[in-house]
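Dear colleague,

I am pleased to hand over the structure that follows, and I would ask you to keep it open while you read. My findings are set out below it, grouped by topic.

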Amino acid sequence: MPKRNIFILSLLSLLSSCIENDIPYPLVEAEVKAIEVQYQTEAPTINKTARTITLHVDDRARLSSIKITKLQFSDAATLAVTGDRSYPNFPSKSFESADRSGYYNIDFTRKVTFRFHIYQDYDWTVDVKQNCEPDVKVTGCNKVVTDTITNNMIIYVNEDTDLTKVAFETFRPLGQHCDVQEQPEGKTYDCSHPLEFHIRRYQDPGVAPEPYRLWTVFVYRRNPESSSVKVQPLSSRAIVTFNNPSAVKVAIEYRRTADSDWKPVPASDIESQGGNYTATLRGLTPGQSYAMRVFVNDLQMSEQSFTTAPAPELPFGSFDAWHKVGRLWNPWAEDTDQYWDTGNRGATTVGESNVYPIDDTCSGSGQAVSLDSKYIVIKFAAGSIFTGKYVETDGTNGVLEFGRPFAGGYPTALRVNYKFHSETINKSADKDMEYLKGRPDSCQIYIALTNRTYPIRTRPSARQLFDPNDEGVIGYGQITQGDDVTEWTRHDIQISYRRYDEAPKYIIVVASSSKFGDYFTGGEGTRLWLDNFELIYD
């Protein structure tokens with residue numbers, strides 16, 4: 001090839017390598033100019049900045065199949081309708097009217113996106129607002145509440161309205177175009193008792209009609225303010241009760257007095273039975289002032305203030321403080337106030353303490369307590385510890401007093417840390433308990449909130465034990481364990497309250513290595529380890 005030609009080819013190659021193929025496409029955004037749908041009630045809201053479209057339709061529209069009758073958008077754009085489903089046959093270009101095919105129908109019960117393409121994609125979100133507001137007017141009407149789930153309607157009328165002669169002016173419970181069998185408009189009814197009507201939504205021609213549904217209509221002269229609302233404040237909760245047989249819709253809100261924002265009570269925390277309502281306000285702060293209000297059928301019944309109860313702690317629940325006098329271990333520091341006590345004094349009349357401190361703890365520091373079940377010379381003795389005091393020894397039997405003063409709180413649980421070793425029951429001083437021999441021994445821990453203290457006597461001829469069903473017991477919870485628990489285990493003993501009309505005055509916590517120790521029945525060598533008892537408020 002001649003040198004001149006080679007030079008020309010090299011020059012062309014050099015020039016072509018300097019030309020970049022990165023010419024930008026023009027920035028032309030697609031936009032919606034106009035849209036119309038069947039049964040439209042007002043002009044759509046088109047937000048070009050947010051790329052959203054809100055359509056407004058009346059009660060005749062079926063959200064599952066709304067026809068787009070007109071859609072105009074940028075000429076250069078093409079359209080694909082997407083979302084939770086696709087519409088491959090929907091027109092990709094603007095149109096002024098829709099034919100009879102189903103290609104123009106969109107299911108707006110699902111997410112719908114209009115995706116326009118001009119060099120790149122532009123997504124527009126489409127939403128539909130449907131107006132199905134009831135249109136109901138009767139003599140003296142001042143409020144109408146409907147519930148489309150239970151098919152109930154309440155019409156509140158003025159106090160001077162004669163319920164035996166109520167004239168119906170309009171009756172469109174499901175929107176202007178609903179279908180009512182035996183339409184009551186223009187008629188007068190005796191509304192001193194509930195009325196029943198068969199109603200269905202507008203029936204679109206060409207669509208299989210839905211069945212009529214039975215609706216019950218109640219007419220009341222009195223607004224729900226007449227119902228009394230009671231609030232029982234607890235420590236971390238409050239119980240709200242009221243009665244309103246006419247309630248269709250109930251809402252409850254609360255706030256701290258120092259706050260401005262109201263918090264709704266979840267529907268799951270509102271229970272009803274025969275017009276009686278009970279609601280639980282949770283997550284409250286003990287010793288705080290709150291406000292609460294109740295709405296029934298969108299009308300406010302009342303607003304009340306209350307103060308939550310305190311949240312007292314359980315003193316000395318760590319079991320770190322002990323002192324020993326002779327063979328007797330006492331669960332409190334020397335020269336300090338006593339809160340807990342044990343059955344040691346009865347056991348040490350013939351042997352060593354079977355309740356004593358240990359260094360094996362759930363946290364690795366401080367001390368814990370070991371409760372041992374032993375046969376001490378002449379009698380079986382279960383290790384026990386309790387809030388209260390050991391009063392005296394009657395022979396080898398104990399006389400105790402269960403209960404310590406409590407400042408009126410409402411704990412929800414007693415948190416305990418424990419280990420347990422069970423032996424077979426081989427001792428019993430009570431003929432009624434002989435049948436337990438050969439079975440595994442069990443430990444027991446319980447808590448009671450009461451309005452008094454309880455005397456306890458273990459002498460068989462004068463036995464007086466604690467009864468959790470006693471009328472003085474306000475709240476109670478327990479755990480009974482028969483299997484070995486070899487590692488420190490935390491357990492929350494839930495407290496069930498029998499009533500809330502009386503604040504607890506005393507607290508009783510009792511733990512025993514053998515459940516039937518009060519009957520001198522159990523297994524030698526059974527052992528219960530305890531540490532860090534704590535009251536829980538949630």
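**Charged pairs**

Arg499 has a relative accessibility of 23%, which counts as partly exposed. Please bear in mind throughout that this is a predicted model.

Which residue forms a salt bridge with Arg499? The partner is Asp501, and the closest N and O atoms of the two lie 3.5 Å apart. Asp501 is exposed, its relative accessible area being 62%. The pair belongs to a network of salt bridges that links Arg499, Asp501, Glu502 and Lys505. In general, side chains of opposite charge can pair when their charged atoms come close.

The salt bridges in the model number 22. Another of them joins Glu434 to Lys437, with 3.2 Å between the closest N and O atoms. Both of these residues count as partly exposed, because the relative accessible area is 35% for Glu434 and 37% for Lys437, and the class runs from 20% to 50%.

A further salt bridge connects Arg293 and Glu253, whose closest N and O atoms are 2.7 Å apart. This pair links distant parts of the chain: Arg293 lies in strand β23 and Glu253 in strand β19 (residues 250–256), 40 residues apart. Is Arg293 buried or exposed? At 18% relative accessibility it counts as buried, since the limit for that class is under 20%. Glu253, at 22%, is partly exposed.

**A sheet of four strands**

The strands β19 and β23 also appear in an open sheet of four strands, ordered β20-β19-β23-β24 and paired in the antiparallel sense. The edges are formed by β20 (263–264) and β24 (299–307); each has a single partner strand, so one side of each has no neighbour in the sheet. As general background, the strands of a sheet pair through backbone hydrogen bonds, either parallel or antiparallel.

How many bridges join β23 and β24? There are eight bridges between β24 and β23 (residues 289–296), and the pairing is antiparallel. To follow one of them, please look at Phe295, whose bridge partner in β24 is Gln300.

The loop between β23 and β24 holds Asn297. This residue is not a glycine, yet its phi is positive, near 55 degrees. Asn297 counts as buried, at 0% relative accessibility.

**Residues in other loops**

Tyr119 also has a positive phi without being a glycine, in this case about 65 degrees. It is found in the loop between β7 (112–118) and β8 (120–130). Tyr119 counts as partly exposed, with a relative accessibility of 47%.

Thr526 is placed in the loop between β43 (521–522) and β44 (527–536). With a relative accessible area of 0%, Thr526 is buried. A polar atom of its side chain lies 3.1 Å from the backbone oxygen of Gly523. Leaving aside residues up to four places away in sequence, Thr526 touches several others, among them Leu371, Asp372, Phe420, His421, Asp441 and Ser513.

Pro209 sits in the loop between β15 (195–200) and β16 (213–220). Is Pro209 buried or exposed? It is exposed, because its relative accessible area is 54% and the class begins over 50%. Apart from residues up to four places away in sequence, Pro209 touches Arg200 and Gln203.

**Empty space**

Rolling a probe the size of a water molecule over the atoms shows where empty space is left. In this model there are two cavities of 30 Å³ or more. The largest cavity has a volume of about 50 Å³. Its lining includes Gln38, Tyr39, Arg60, Arg62, Lys67 and Asp204.

The second largest pocket contains about 320 Å³ of space. It is lined by 20 residues, and those closest to its centre are Ala247, Val248, Lys249, Val250 and Tyr277. Which strands each supply at least two residues of this lining? They are β11 (152–157), β16, β19 and β21 (270–273). Strand β19 is therefore a good place to resume your reading, as it contributes to this pocket, holds Glu253 and takes part in the sheet whose edge strands are β20 and β24.

With kind regards

Methods
Residues numbered from 1 in each chain as written. Predicted model: local features only at pLDDT ≥ 70, side-chain atom pairs only at ≥ 80, totals over all residues. Heavy atoms only, no water. Buried < 20%, exposed > 50% of the residue type's maximum accessible area, 1.4 Å probe, protein only. Polar contact = N/O pair within 3.5 Å; in protein donor to acceptor, adjacent residues only side chain to side chain. Contact = heavy atoms within 4.5 Å. Pairing = 2+ DSSP bridges. Salt bridge = Lys/Arg side-chain N within 4 Å of Asp/Glu carboxyl O. 1 Å grid on protein atoms, 1.4 Å probe; cavity = no way out; pocket = protein on both sides within 12 Å on 5 of 7 lines; lining within 4 Å. Points joined across faces, edges and corners; volume = space filled by probe spheres on them.
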